[in-house]
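Here are my notes on the model you sent. Please read them with the structure open beside you.

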Amino acid sequence: MSRGLTRRGFVAAGLGGAGLALGAGRAGAAVAAGDDDGLLNLALALEHLQAALYSEAVRRGALAHRGAQAAEEIGAVERAHVALLTDALGPAAQAPPLSAFGRATSDDRLFARTAVAVEDISAAV
């Protein structure tokens, strides 16, 4: 009798086939090998990416009121996710990937489009 496809198997297959290049390469390889820390590190890398986007937007201070407020509020949630995963992983937690979002954190329209893309990527994995 077949066990069916597990979440880990699905993520590993997707990562193996797509070669996810979001600074989570080592985590992706670990997930493919069935390592729970690898799966959590993949989640952590994606949370770091999200937190970095919102933090950079807040630091720049160039967004209009609505965008700035979203960056503050959503950024706080993403930083809490980073803290939770970092704590859960302990010394196995990977450092955040390097990120720079350029104009996307100083232009309201680009910020909204980039935020949607980053959130969609994270949700898809």
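**Notes on the helices and their packing**

1. Start with helix 4, residues 65-89. With 25 residues at 1.5 Å a residue, helix 4 should span 36 Å, and its end C-alpha atoms are indeed 36 Å apart, so the expected and modelled values agree. Bear in mind throughout that this is a predicted model.

2. Which residues of helix 4 are buried? They are Gly67, Ala71, Gly75, Glu78, Val82, Leu85 and Leu89. The packing partners of these buried residues are helix 3 (36-60) and helix 5 (108-124). Just after helix 4 comes Gly90, which has a positive phi of about 60°.

3. Gly75 deserves its own point. Gly75 is part of helix 4, and its relative accessible area is 0%, so Gly75 is buried, the cut-off being under 20%. The C-alpha atom of Gly75 is separated by 5.4 Å from that of Ala51, although the two residues are 24 apart along the chain. Leaving out residues up to four places away in sequence, Gly75 touches Tyr54 and Ala70.

4. His48 belongs to helix 3. Is His48 buried or exposed? Its relative accessibility is 14%, and because buried means under 20%, His48 counts as buried. Setting aside residues up to four places away in sequence, His48 touches Val82, Gln94, Ala95, Pro96 and Pro97. Of these contacts, Val82 is also listed among the buried residues of helix 4.

5. Next, the pairing of helix 3 with helix 5. Two packed helices are described by the angle between their axes and the distance between the axes. Here the axes of helix 3 and helix 5 come within 9 Å and cross at roughly 165°. Angles over 145 degrees count as roughly antiparallel, and helix 3 and helix 5 are therefore roughly antiparallel to each other. Their crossing is left-handed. On the helix 3 side, the contact is made by Leu46, Leu49, Gln50, Leu53, Tyr54 and Ala57. On the helix 5 side, it is made by Phe111, Thr114, Ala115, Val118, Glu119, Ile121 and Ser122. Tyr54 thus appears in this contact, and Tyr54 is also touched by Gly75.

6. Last, the confidence of the prediction. The protein chain has an average pLDDT of 80, and 73% of the residues score at least 70. Residues 1-24 have a pLDDT below 50, and this stretch has 25 contacts in the model beyond near neighbours in sequence.

Definitions and conventions
Residues are numbered from 1 along each chain as its sequence is written. This is a predicted model: local features need pLDDT of at least 70, side-chain atom pairs count only at pLDDT 80 or more; totals for chains, interfaces and linings use all residues. Side-chain values use heavy atoms; hydrogens and water are left out. Helices (H or I, at least four residues) and strands (E, at least two) are DSSP runs, numbered from the N terminus. The expected span of a helix is 1.5 Å times one less than its number of residues. Buried means under 20% relative accessible area, exposed over 50%, partly exposed in between (1.4 Å probe, protein chains only). Contact means heavy atoms within 4.5 Å. pLDDT is the predictor's confidence in each residue, from 0 to 100. Axes are lines fitted to C-alpha atoms, for helices over the stretch in contact, and angles run from 0 to 180 degrees between N-to-C directions. Angles under 35 degrees count as roughly parallel, over 145 as roughly antiparallel, 65 to 115 as roughly perpendicular and the rest as oblique. A crossing is left-handed if the near helix is turned anticlockwise from the far one by less than a right angle, and right-handed if clockwise.
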